[in-house]
Amino acid sequence: MIDQPAWPTQLLLVDAGNTRLKFKLIRERAVKELRAACGNGEAAPRKQQVIETILEAESVSFANAELAEADSSRHLAAVSVLRDFLADQRHLVLVSSVAPSAVVTLLQRSASEGNGVVELARVKQDAMGVSMRYGAIGTLGVDRWLGMVAAFQRVEGAVCVVDCGTAITVDFLAADGVHEGGLIAPGFSTSLSSLNMADSLKSAVRVVALEEAGADLKSSVNRQERLGLSSAKCIFHGVDRMTVAFLDSIFSQVEFAKPPCQLLITGGGWPALAYAPLVNYRYVQELVFEGLVHAWVAGHTEPFPQKP
Ligand SMILES: Nc1ncnc2c1ncn2[C@@H]1O[C@H](COP(=O)(O)OP(=O)(O)OP(=O)(O)O)[C@@H](O)[C@H]1O
Ligand SMILES: CC(C)(CO)[C@@H](O)C(=O)NCCC(=O)O
Ligand SMILES: [K+]
C-alpha cells in the first residue's frame with residue numbers, strides 16, 4: 001500500500017480497454033465533495049458519495065477515442081485531447097488499463113506535461129472486502145477486479161458482474177466477497193469479426209446490425225428462433241443467438257443462485273444488444289470508474305511509472 005497522495009484539483013478517470021479508451025472527468029467542485037465525504041483522506045469514503053459523484057460527473061462524452069491496435073497515431077489523438085484538457089491544473093489521472101503498456105506511457109507523458117500525475121490500479125488479493133482466488137493474480141484483468149470492487153461496495157452481498165465490451169466477462173462474488181470465479185467470452189463485435197469474411201460481407205453485416213437494432217423490439221419472431229435469408233442476416237442472427245444464449249445461461253445461474261445473488265451489468269456493449277433478461281438487474285455503464293475511485297481512496301493504486 002502506498003501513501004495516499006494529496007487531493008488533486010480534478011480527477012481524470014481512464015478506462016483503457018482492448019478496443020477503446022474511455023475518460024471521465026471529476027471536476028473541482030465534485031472532487032471537493034468527494035474529499036469532504038472521505039474525511040481527511042484516511043477514513044473510508046462514504047460509498048454512496050463516491051457512486052453519486054461518479055454518476056453525476058460531466059464529460060463522459062468529451063472523448064471516447066477509438067483505439068486501434070498497432071496504430072499509435074490514434075492513441076496520440078486521444079492523448080492530445082487529454083493534454084489540452086489538463087493543462088495548468090493540479091490533476092490526478094487514475095488509470096485502469098488492459099491495453100498495451102505503451103498506452104499508459106503515452107497518458108503519463110501528456111499528464112506530466114500538464115503538471116499531473118498518473119496512478120495505475122493494480123489487482124490486490126484482498127482489498128475493500130473482496131478476496132481473489134485467482135491462481136496467478138497478476139493475470140486477472142484489472143478492469144474485472146475494479147468492476148467487482150465497485151459492485152461489492154454497492155451491493156454488500158453476493159453479486160454477479162457482467163461486462164459487455166470487446167470481451168464479455170462474468171464474475172461471481174459470494175456474500176462474503178470471495179471471488180467464486182468467472183468467464184471470458186468474445187463480445188458481439190469480436191465474434192462477428194472472428195469469422196473470416198470478405199470485406200463486402202463485413203459492411204453488409206454492419207448494415208444489418210444497425211437495422212436489427214431498431215427492428216428488434218417490433219419483431220414478432222422470438223429472438224432465439226430468428227433465421228436469415230442472406231449471408232449477412234445468417235451471420236448476424238448466428239452471432240446474436242450465440243451471444244444471447246450465453247448471457248441467458250449466466251442469467252439463469254443468477255436467477256437460481258442460493259443464497260440469492262444480485263446482477264450488475266456494465267459496459268457499452270450492453271445497450272447495443274437491446275436485450276431484456278427475465279431476471280432483475282441494474283445496468284451501470286461505468287462500474288470500472290467507480291472501482292477506480294474506491295481503489296485510489298483505499299490506497300490501492302500505484303504511481304506510474306513506478307518509483308525505483
Ligand atoms: N449490434 C450490436 N449488438 C451487440 N453488441 C454490439 C453491437 N454493436 C456493438 N456491440 C458491442 O458493443 C461494444 C462496445 O462496448 P464498449 O465500449 O464497452 O466496449 P469496447 O470499448 O469496445 O471494449 P473494451 O472496453 O474492451 O475496449 C463493442 O465491442 C461490441 O462488442
Ligand atoms: C478479459 C479482458 C480483455 C476484458 O477487458 C481483460 O479483463 C483482460 O485482458 N483480462 C486478462 C485475462 C483475465 O482476466 O484472466
Ligand atoms: K471493458
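# A tour from helix α7

Select A213 first; this residue lies in helix α7. The model on screen is predicted. A213 has 13 C-beta neighbours inside 10 Å and therefore counts as partly exposed, since buried status needs 20 or more and exposed status 12 or fewer. Show the contacts of A213: leaving aside residues up to four places away in sequence, they are A272 and A274. Now draw a distance from A213 to L120. The two C-alpha atoms are separated by 36 Å, and the residues are 93 apart along the chain.

**Stop 2: A274**

Stay with one of those contacts. Where does A274 sit? Look in the loop between α9 (269–273) and β11 (282–283). Check the backbone there: phi of A274 is near 45 degrees, a positive value in a residue other than glycine. A274 has 14 C-beta neighbours inside 10 Å, so this residue counts as partly exposed.

**Stop 3: ligand 1**

Select ligand 1 and the residues around it. There are 16 of them, and G17, G165, F188, G268 and G269 come nearest. Colour the helices next. α6 (188–194), α7 (199–215) and α9 each supply at least two residues of this shell. Which element gives the largest share? That is α9, with 3 residues. Colour by class and the shell around ligand 1 splits into 5 nonpolar, 10 polar and 1 charged residues.

**Stop 4: ligand 2**

Move to ligand 2. Start the selection with G17, N18 and V98, which are among its surrounding residues. Add T139, L140, G141, D143 and R144, also part of the ligand 2 surroundings. Finish with G165, A167, T169 and I184, which belong to that list too. Two elements give two or more residues to this shell: α5 (142–155) and β8 (167–173). By class, the shell around ligand 2 holds 4 nonpolar, 6 polar and 2 charged residues. Keep G17 and G165 highlighted for a moment. Both surround ligand 2, and both are among the residues that come nearest to ligand 1.

**Stop 5: D163**

Select D163, found in strand β7. The UniProt annotation "binding site", from an unreviewed entry, covers D163. Is D163 buried or exposed? D163 has 29 C-beta neighbours inside 10 Å, so it counts as buried; the threshold is 20 or more. Show its contacts, not counting residues up to four places away in sequence: G147, I168, T169, T266 and G267. T169 was on the previous stop as well, in the surroundings of ligand 2.

**Stop 6: E156**

Go to the loop between α5 and β7 (159–164) and pick E156. Here is another backbone to check. Phi of E156 is near 50 degrees, again positive in a residue other than glycine. With 13 C-beta neighbours inside 10 Å, E156 therefore counts as partly exposed.

**Stop 7: two cis peptide bonds**

Zoom to K258 and P259. A cis peptide bond joins them, with omega about -5 degrees. P259 is in the loop between α8 (231–255) and β10 (262–266). Then jump to F304 and P305. A cis peptide bond joins this pair too, with omega about 0 degrees. P305 is in the segment after β12 (301–304).

**Stop 8: helices α1 and α2**

Select residues 28–37 for α1 and residues 47–56 for α2. Two packed helices are described by the angle between their axes and the distance between the axes. Here the angle is about 175 degrees, and the axes are 10 Å apart. Angles over 145 degrees count as roughly antiparallel, and α1 and α2 are therefore roughly antiparallel to each other. Now show side chains at the contact. On the α1 side, select A30, E33, L34 and A37. Opposite them in α2 are Q49, V50, T53 and E56. The residues of this contact divide into 4 nonpolar, 2 polar and 2 charged.

**Last stop: the whole protein**

Zoom out and show the cartoon. The protein has 10 helices and 12 strands. Of its 308 residues, 39% count as buried. D163 is one of the buried residues. Finally, turn on the contacts between residues at least 6 apart in sequence. Among these, 65% join residues at least 24 apart.

Note on methods:
Residues numbered from 1 in each chain as written. Chains lettered and ligands numbered in written order. Predicted model: local features only at pLDDT ≥ 70, side-chain atom pairs only at ≥ 80, totals over all residues. Axes fitted to C-alpha atoms, helices over the stretch in contact; angles between N-to-C directions. Helix = DSSP H or I, 4+ residues; strand = E, 2+ residues; numbered from the N terminus. Parallel < 35°, antiparallel > 145°, perpendicular 65-115°, else oblique. Contact = placed C-beta atoms within 7 Å. Nonpolar A, V, L, I, M, F, W, Y, C, P; charged D, E, K, R; others polar. Near = placed C-beta within 6 Å. UniProt positions renumbered as here; feature names shortened; annotations may be inferred.
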